[in-house]
Amino acid sequence: MKATTKPTALVTGGSRGIGAATSRVLAARGFHVAVNYVSNREAADQVVKLIETDGGEAFAVRADVHDPGQSAELLKRSATDGRLDVLVCNAGARFTPTPVRTLAWDDFRTKVADELASVYTLTQHALALMGARGRGRIVYVSSAAADGPPAPGMAAHGTAKAALNTFARFVAHEAGPLGININVVAPGYVRTESSAHMPREFQRRLMANTPLGRVAEPEDVARAIAMLVGEEARFVTGEVLTVDGGYGLARR
Ligand SMILES: NC(=O)c1ccc[n+]([C@@H]2O[C@H](COP(=O)([O-])OP(=O)(O)OC[C@H]3O[C@@H](n4cnc5c(N)ncnc54)[C@H](OP(=O)(O)O)[C@@H]3O)[C@@H](O)[C@H]2O)c1
């Protein structure tokens, strides 16, 4: 990691999909970005290269965010001179949508535990670092599936994300007095590698039922995250911002 005078941001799972777009948008807005990945070094290096080509600063950091020891080390390596301005907890493992009646308890439990493990240690360490400076922003990437059906086979994922939303509200309550804002973005379907397997018919129906008339691209979510870590959102905390082009309006 090179020395920098820029504010620093860590994006977990910053190497692909929503995380890659977020890394690029934050770098374009003047952040020195730690691009976290777990298995695909090439993808992380590619994101760093694109950022540098655009005149920004970034570096790749490998860590499995499900592991508390690796998460603690990740945060230490990402904070330049002990300074971390922004943490975006975005990393998410792929999963196969499965109905409850055929989903093993161990798989359900693992999904919920992994989701919370991927934010817990990072949050604790970020609160300590940011709290010492009296400022900071954390954004968790949740999902519109936290609101429940109709998405079929999403019980484990939706329950995990609902737990994340609730965790975020508790953290926001604790972190406010430390000068730290905590918010959540909850995307609907976003076109990424992990979601590409969804049938064309699903995507066609989604588009037809989305008031803004298209499927989300990773940059749509990245821009919402950038807004939440920017001055525009300085008095916003504990909120869940849905990013779905209005798809969920009918059931709100
Ligand atoms: N796509 C959607 O439709 C959608 C909708 C709502 C919410 N979301 C949420 O948005 C987030 C990102 O989703 P995505 O679709 O952009 O995913 P993606 O394209 O599959 O990218 C996942 C990223 O997370 C990293 N990652 C996975 N497991 C990790 C771990 N244990 N430790 C560190 N990094 C890890 C991957 O790194 P490697 O490449 O090294 O494995 C990759 O950079 C997730 O939290 C997901 O639940 C997605």
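Visitor: To what number does the count of salt bridges come?
Guide: This is a predicted model, in which local features need pLDDT of at least 70, side-chain atom pairs count only at pLDDT 80 or more, and totals for chains, interfaces and linings use all residues. Residues are numbered from 1 along each chain as its sequence is written, while side-chain values use heavy atoms and leave out hydrogens and water. Side chains of opposite charge can pair when their charged atoms come close. With a salt bridge taken as a side-chain nitrogen of Lys or Arg within 4 Å of a carboxyl oxygen of Asp or Glu, the count comes to 16.

Visitor: How many residues apart are Asp85 and Arg133, whose side chains meet in a salt bridge?
Guide: The N to O distance in this pair is 3.3 Å. Helices (H or I, at least four residues) and strands (E, at least two) are DSSP runs numbered from the N terminus, and on that basis Asp85 belongs to the loop between helix H3 (68–78) and strand S4 (86–89), whereas Arg133 is in helix H4 (residues 105–133). The pair therefore links distant parts of the chain, with Asp85 buried at a relative accessible area of 7%. The two residues are 48 residues apart.

Visitor: Is Arg133 buried, partly exposed or exposed?
Guide: The classes rest on relative accessible area, where buried means under 20%, exposed over 50% and partly exposed in between (1.4 Å probe, protein chains only). For Arg133 the value is 36%, which means that this residue is partly exposed.

Visitor: What separates Arg109 and Asp106 within helix H4?
Guide: Their side chains meet in a salt bridge, with N and O 2.6 Å apart. Arg109 is partly exposed at 44% relative accessibility, and Asp106 is partly exposed too, at 45%. Because they stand three residues apart in H4, their separation is about one helical turn.

Visitor: Which residue forms a salt bridge with Glu201?
Guide: Glu201 lies in helix H6 (residues 200–208), and its partner is three residues away, so that about one helical turn separates them. Glu201 is partly exposed, with a relative accessible area of 40%, and the partner counts as partly exposed at 48%. The closest N and O atoms are 3.0 Å apart, and the partner is Arg204.

Visitor: How are helices H1 and H7 arranged, oblique or roughly parallel?
Guide: Axes are lines fitted to C-alpha atoms, for helices over the stretch in contact, and angles run from 0 to 180 degrees between N-to-C directions. Helix H1 (residues 17–28) and helix H7 (residues 218–229) pack at about 50°, with axes 8 Å apart. Angles under 35 degrees count as roughly parallel, over 145 as roughly antiparallel, 65 to 115 as roughly perpendicular and the rest as oblique. The arrangement of H1 and H7 is therefore oblique.

Visitor: Which residues of H2 make the contact with H1?
Guide: H1 and helix H2 (residues 41–53) pack at an angle of about 25°, with their axes 10 Å apart, which makes H1 roughly parallel to H2. Contact means heavy atoms within 4.5 Å. From H1 the contact is made by Ala20, Ser23, Arg24 and Ala27, and from H2 by Val47, Leu50 and Ile51.

Visitor: Which residues does Asn90 touch, not counting those up to four places away in sequence?
Guide: Asn90 lies in the loop between S4 and H4, and at 11% relative accessibility Asn90 counts as buried. Leaving out residues up to four places away, Asn90 touches Thr12, Gly13, Ile18, Gly19 and Val141.

Visitor: With which residues is Thr192 in contact, leaving aside neighbours within four places in sequence?
Guide: Thr192 lies in the loop between strand S6 (180–187) and H6, and its relative accessibility of 14% means that Thr192 counts as buried. Its C-alpha atom is separated by 16 Å from that of Arg204, twelve residues apart along the chain. With those neighbours left aside, Thr192 is in contact with Gly17, Ile18 and Pro218.

Visitor: What value is phi of Asp81 near?
Guide: Most residues other than glycine have a negative phi, and most peptide bonds are trans. Asp81 is in the loop between H3 and S4, where it counts as exposed at 76% relative accessibility. Its phi is positive, in a residue other than glycine, and is near 50°.
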